[in-house]
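Open the model in your viewer and keep the selection panel handy. We will go from one stop to the next.

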Amino acid sequence: MIVALALLAQVYTPSTRVVLVPINHPVRALAQLHRLWDPSTGRQVAVIPFALAVNFSVQRRRDSVTFRVGLTGAQRTRTSPDSAAARTVVLYTEAARQTGALSHPISDHPERWTVKVSRESPPWKERFEFAVVPLVEGAFAISDLVVGAAGQGTPWPLGRDTVALAPRQIVFTTGSIQVSYQLRSERARSGLQTIFVFTRVIDDADLADRSTTIRFKDASVPKGISLQQRDIAAAQLSGSRYRLDVSIATEDGTLLASRSGMLELVR
């Protein structure tokens, strides 16, 4: 896999920290949360792309570190987890970087999610907190936005399709940016338009006067759940960090659904 793990040596987001462990092996971790619909069951599923890297500065013949990547979600009114999932990852000296993805069906609609990456010996952990707005389950709805790039990150099978995942929505700007999302409609629709607005963000402040708008005219959207994928030329975006707003509207401009997400470009 060509993974965004290469980013770990170059890019750090506010929630990413380098933690030094007693055996002098620096650990770096990234994680992201996406909520999609399983096309076969219609149920919501949480998908978590993650990236791990260990600098084996003191190497033995075959040194290794075992990590546990876990997910929990809880309603604000409860202290017990709504759902939980975990995956074990082992990194060796000859392959000290790895990305992957963890998925788990959502039985409820938690508003707070926690992804925890941990190691028992020596003790180390990293937590990523996500506060989310529940996905709408009405006549027309849109999933979370998944930002990636072909050939980067982790390819994730979704029904008969494949979605490119990127931990923390960080992608290289060597080609096209792939934005994937699902639409869920109670009936077939035609004559829709999709509006992408990329708003540049500097020091956590939106610069509305530095936004890029891209419009697509969609011939139709089928009944049920459909995957939408758009390729955006990275050359259209001159900054490094953006908020992406995606809106689906009728021909006369009536808004049907919208969703926002963050995007970071590495040049």
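Start with the largest nonpolar core of this predicted model. Select Ile177, Tyr181, Phe196 and Phe198: within this core of 27 residues, they have the most contacts. Now colour the elements that supply two or more residues to the core. They are β9 (140-142), β14 (176-185), β15, β16 (205-221), β18 (241-250) and β19 (255-266).

Stay in this core and centre on Phe198. What is Phe198 in contact with, leaving aside its neighbours within four places in sequence? Show Arg210, Ser211, Thr212 and Ile214, then Ile232 and Leu237. Add Tyr242, Arg243, Leu244 and Leu263 to finish the set.

Next, pick Val27, Ala46, Phe50 and Val132. These belong to a second, separate core of 23 residues.

Now go to Gln193, in strand β15 (residues 189-202). Draw a distance from its side chain to the backbone oxygen of Thr250: the value is 3.0 Å. Thr250 is also one of the contacts of Gln193 beyond four places in sequence. The others are Arg215, Phe216, Asp218, Ser247, Ile248, Ala249, Glu251 and Gly253.

Finally, zoom out to the whole chain. Switch to cartoon: there are 19 strands and 0 helices. Colour by burial, and 51% of the 267 residues come up as buried. Turn on the surface; its accessible area is about 12900 Å², with 48% belonging to carbon and sulfur atoms. Last, consider contacts between residues at least 6 apart in sequence: 68% of them join residues at least 24 apart.

Definitions and conventions: Residues numbered from 1 in each chain as written. Predicted model: local features only at pLDDT ≥ 70, side-chain atom pairs only at ≥ 80, totals over all residues. Heavy atoms only, no water. Helix = DSSP H or I, 4+ residues; strand = E, 2+ residues; numbered from the N terminus. Polar contact = N/O pair within 3.5 Å; in protein donor to acceptor, adjacent residues only side chain to side chain. Contact = heavy atoms within 4.5 Å. Buried < 20%, exposed > 50% of the residue type's maximum accessible area, 1.4 Å probe, protein only. Areas by Shrake-Rupley, 256 points an atom, 1.4 Å probe, with all protein chains shown as cover. Core = buried A, V, L, I, M, F, W, Y, C linked by side-chain atoms within 4.5 Å.
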